[in-house]
Amino acid sequence: MRLSQMLFVTLREDPAEAEIPSHKLLLRAGYIRRIASGVYAYLPLMWRVLKKVSNIVREEMDATGAQECLLPQLQPAELWQESGRWETYTKAEGIMFALTDRQEREMGLGPTHEEVITAIARDMIRSYRQLPLHLYQIQNKFRDEIRPRFGLMRGREFIMKDGYSFHADEASLQETYADMDWAYSNMFRRCGLEFRAVQADSGAIGGAASQEFMILAEAGEDEVLYTEDGKYAANVEKATSLPAEAKSSAFVLYEKRETPNTNTIDKLCQFFKCSPTEIVKNIIYRVVYDNGRMVLVLVSIRGDLEVNEVKLYNELARLAPTYGGNAIIAVDIPSEQVQQQLTLKPLPLGYIGPDLADNYITPAEQLHPEFLRFADRTVVELKNFVTGANETGYHVVGANWGEQFPLSDRLVDLRKSQAGDRAVHDPSQVLKSARGIEVGHIFQLGTKYSQALGATYTNEQGESVPLVMGCYGVGVSRLAQAAVEQSYDKDGIIWPVAIAPYHAIICIPNISDTDQVEVAENLYTELNAVGIETLLDDREERAGVKFKDADLVGIPYRIVTGRSLKVGKVEVVERATKTSHEIAISEVAATLKTWIDEALSSAVK
């Protein structure tokens with residue numbers, strides 16, 4: 001392709017809308033253009049990248065025996081109501097674009113396709129002889145993000161590969177899950193990316209277990225905790241660990257003490273000259289279920305630790321039926337204004353104890369009259385601890401469970417793991433932290449959707465049993481931007497060879513020099529003929545502009561038909577290292593072919 005004929009416009013300044021380097025560079029280099037908040041057009045260069053990523057994904061999926069299909073983006077609400085996720089996706093999480101058609105039927109634009117594929121399986125799979133079956137698609141998805149940001153990282157329309165497998169039993173599911181682990185690792189290696197597979201929370205998709213694939217990058221929204229022995233890695237939302245050892249309390253007698261201006265853990269520690277590991281802090285949350293029922297939640301946790309709100313959400317979601325609900329609309333720490341509506345008198349914030357009385361709660365039809373009390377496992381072994389006295393300006397010291405305070409029977413892991421914690425599998429290993437961009441997620445769904453939608457098969461004994469399912473997603477457009485976030489410099493993008501829009505770009509420094517033009521044209525024809533995808537910068541621009549654009553766009557190899565022509569050579573510059581080579585014109589094609597083949601083969605290893 002000749003740049004003079006391409007839709008190619010670059011920007012010298014960073015667009016105001018862009019926040020992270022990859023977003024800035026994709027806009028500046030003419031890969032994408034913003035159409036609306038969270039909605040982008042993929043311009044010709046970007047589309048070539050996306051096709052390459054899609055082809056790698058497709059080849060790895062096909063190699064496992066999965067079959068490609070295409071499912072409808074427009075989905076009827078009835079299917080989502082059968083699975084129980086309509087309220088979750090349209091109200092609780094609110095990420096589904098929902099609409100009503102002219103026949104007054106509720107519809108949604110698909111953020112995911114579990115319901116659709118399960119309905120197909122329900123209609124078409126009859127016998128164990130048809131199993132296992134694995135279908136996948138690559139197409140646009142839609143999610144009504146509250147705050148779209150970072151370009152293609154968190155958009156409202158994006159390209160995704162999603163696959164769904166159906167099995168007769170868990171053993172068969174485990175085999176496909178392992179195949180996907182291997183296939184996904186191959187995908188990301190072939191794309192030339194540094195990644196880490198981590199344990200993950202299954203979120204609204206659900207299922208027994210799941211694993212995320214993170215592209216490591218400083219701008220990643222996710223925090224990954226891992227051990228250097230390579231035996232543990234997890235998203236911080238899912239991570240478990242051993243906390244630091246609690247210090248023995250110096251308080252041996254139980255008593256109530258005046259503690260003015262100590263409404264934070266730091267102030268309390270300074271006042272008593274104690275460790276936060278000696279303190280039980282108590283935090284009030286509010287959960288709203290989809291039936292409108294509100295419950296106030298009291299969480300007791302060690303003073304040096306933070307509540308993992310994803311773990312808390314999951315515990316509260318499991319209790320939804322207890323309060324007549326199916327899904328959670330919201331979980332939050334209520335604001336002071338909301339607290340005034342929910343409680344008869346002001347809560348002693350900063351001084352709350354584990355036994356805060358239920359009579360604080362305002363009697364109301366939709367408000368549960370008792371606190372739902374959780375205790376994190378870290379508080380169980382604490383003795384002679386410090387905690388709130390339920391009175392502003394006062395704490396108690398020397399407190400013990402079973403003596404001054406009853407211990408909640410809801411003992412759960414609600415602690416947020418952090419770098420520096422000891423690993424569960426080997427306490428000598430210390431958790432370390434890295435930032436990551438989630439680009440893939442695989443789930444063991446089990447029978448969650450097949451039971452809800454009545455998707456069954458007849459086993460060898462003639463019994464009708466629910467299909468066992470797996471689910472596997474790759475964010476194709478997100479992966480492309482993640483590659484940029486992982487590899488760039490002050491001059492622009494550095495594409496891995498495998499997914500670069502073109503392998504090489506030929507720059508003609510002086511378009512009026514017939515020798516430069518002739519050599520460039522001949523090389524352009526020769527390189528494309530041997531499979532080296534090549535751009536020709538034949539624009540009437542200064543050489544400096546062409547070189548800057550070539551660096552900005554990130555093509556792996558730049559060929560310059562300049563001064564070296566006098567000795568029968570051209571300059572070839574490697575974008576990743578900026579190493580310059582003078583290569584004989586007759587050897588350029590063979591040399592580039594070797595470099596490209598080596599880059600592609602090393603990425604597979």
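A contact here means heavy atoms within 4.5 Å. With that in hand, look at the whole predicted model: of the contacts between residues at least 6 apart in sequence, 69% join residues at least 24 apart. The fold holds 14 helices and 31 strands, and its C-alpha trace spans about 95 × 65 × 50 Å along the principal axes. Of the 605 residues, 54% are buried.

Now color by charge. You will find 65 positive and 85 negative charges, whose mean positions are 3 Å apart. Side chains of opposite charge can pair when their charged atoms come close, and the salt bridges here number 41.

Select K52 and E533 to start: their closest N and O atoms are 2.5 Å apart. K52 lies in helix α2 and E533 in the loop between α12 and β28, so this salt bridge ties together parts that are 481 residues apart in sequence. K52 is buried at 13% relative accessible area, while E533 is partly exposed at 24%.

Stay on helix α2 and pick E59, which meets R190 of helix α6, 131 residues apart, in a salt bridge of 2.6 Å, N to O. E59 is partly exposed at 43%, and R190 is partly exposed at 21%.

Next, select D489, K490, D491, D551, R558, R575 and K578 together: salt bridges link them in a network.

Finish on the surface with D169, E170, E175 and D179, which form a negative patch. D169 sits in the loop between β8 and α6 and is partly exposed, with 38% relative accessible area.

Key
Residues numbered from 1 in each chain as written. Predicted model: local features only at pLDDT ≥ 70, side-chain atom pairs only at ≥ 80, totals over all residues. Heavy atoms only, no water. Helix = DSSP H or I, 4+ residues; strand = E, 2+ residues; numbered from the N terminus. Buried < 20%, exposed > 50% of the residue type's maximum accessible area, 1.4 Å probe, protein only. Lys, Arg positive; Asp, Glu negative; His and termini not counted. Charge placed at Lys NZ, Arg CZ, Asp CG, Glu CD. Patch = residues over 30% accessible without salt bridge, like charges linked within 9 Å, V, L, I, M, F, W, Y side chains within 5 Å. Areas by Shrake-Rupley, 256 points an atom, 1.4 Å probe, with all protein chains shown as cover. Salt bridge = Lys/Arg side-chain N within 4 Å of Asp/Glu carboxyl O.
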